[in-house]
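Open the model in your viewer and set the display to cartoon. The tour below goes from one selection to the next and says what is there.

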Amino acid sequence: MEQFHATTIFAIQHNGACAMAGDGQVTFGNAVVMKHTAKKVRKLFNGKVLAGFAGSVADAFTLFEMFEGKLEEFNGNLQRAAVELAKEWRSDKILRRLEAMLIVMDERHLFLVSGTGEVIEPDDGVLAIGSGGNYALAAGRALKQYAGGQMTAKEIAKAALEIASDICVYTNSHIIVEEL
């Protein structure tokens, strides 16, 4: 699976709660930080679904709109909307050129959606994408396993991004956390 740079998105389902965090850095090429406060995590479908993106901003906005349309079409069925988005994204000649990945979640499901047709639901309720994704994923899994009873989903999401921002040059510490 292709790795997209210049962001980190982390999502977790933990103790009956859901949270998604994203950093605010927008990088132009490999050398210039253009913005520090971008919002890459959003609530969709009347606040019942969270979505976060890594990749090209214009492509991500297109995918947010398409995904929200699929949610409306399938009456909030996250799994069906994610699968239909991935199918359309992969099969359309123009859409398949979009350079982004999405994490989407509701209270019951958590999925990674890509333009290669992937719709992946993790076994452990933890996902991360972007250039700092592996750092956030490792941190989040450790926090969930070893401090899980003492931390909320929101606290784990924020801490995982803080750890990633200390390691990844494409991830900053302006963190936005949304929760369900």
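Start by selecting helix 1 and helix 2: helix 1 passes helix 2 in a right-handed crossing. The model is a predicted one. Helix 1 covers residues 57-73 and helix 2 covers residues 78-91. Their axes are 8 Å apart, and the packing angle is about 130°. The two helices are therefore oblique to each other.

Now show side chains where the two helices touch. On the helix 1 side, pick Leu-63, Met-66, Phe-67, Lys-70 and Leu-71. These meet Leu-78, Ala-81, Ala-82, Glu-84, Leu-85, Glu-88 and Trp-89 in helix 2. Colour this contact by residue class: nine of its residues are nonpolar, three are charged and none is polar.

Next, select the sheet. Five strands make up this open sheet, in the order 5-6-7-8-9, with antiparallel pairing. Which strands are at the edges? They are strand 5 (41-44) and strand 9 (119-120), and each of them pairs on one side only.

Go to strand 6 (residues 49-55) and strand 7 (residues 100-105). They run antiparallel and are joined by six bridges. To see one partnership, select Leu-50, whose bridge partner in strand 7 is Met-105.

Keep the sheet on screen and bring helix 1 back. Helix 1 packs on the sheet and touches strand 5, strand 6 and strand 7. The direction of helix 1 makes about 155° with that of strand 6. Then add helix 2, which lies across strand 6, strand 7, strand 8 (110-114) and strand 9. Compare the direction of helix 2 with strand 8: the angle is about 10°.

The last stop is another pair of helices. Select helix 3 (residues 133-147) and helix 4 (residues 153-167), which pack at an angle of about 140°. Their axes are 8 Å apart. That angle makes helix 3 oblique to helix 4. Which hand does the crossing of helix 3 and helix 4 have, left or right? This crossing is right-handed.

Show the side chains in this contact too. From helix 3, take Tyr-135, Ala-136, Ala-139, Gly-140, Leu-143 and Lys-144. From helix 4, take Ile-156, Ala-159, Ala-160, Ile-163, Ala-164 and Ile-167, which they meet. By class, the contact of helix 3 with helix 4 has ten nonpolar residues, one polar and one charged.

Definitions and conventions. Residues are numbered from 1 along each chain as its sequence is written. This is a predicted model: local features need pLDDT of at least 70, side-chain atom pairs count only at pLDDT 80 or more; totals for chains, interfaces and linings use all residues. Side-chain values use heavy atoms; hydrogens and water are left out. Axes are lines fitted to C-alpha atoms, for helices over the stretch in contact, and angles run from 0 to 180 degrees between N-to-C directions. Helices (H or I, at least four residues) and strands (E, at least two) are DSSP runs, numbered from the N terminus. Angles under 35 degrees count as roughly parallel, over 145 as roughly antiparallel, 65 to 115 as roughly perpendicular and the rest as oblique. A crossing is left-handed if the near helix is turned anticlockwise from the far one by less than a right angle, and right-handed if clockwise. Contact means heavy atoms within 4.5 Å. Ala, Val, Leu, Ile, Met, Phe, Trp, Tyr, Cys and Pro count as nonpolar, Asp, Glu, Lys and Arg as charged, and the others, Gly among them, as polar. Two strands pair if DSSP finds at least two bridges between them.
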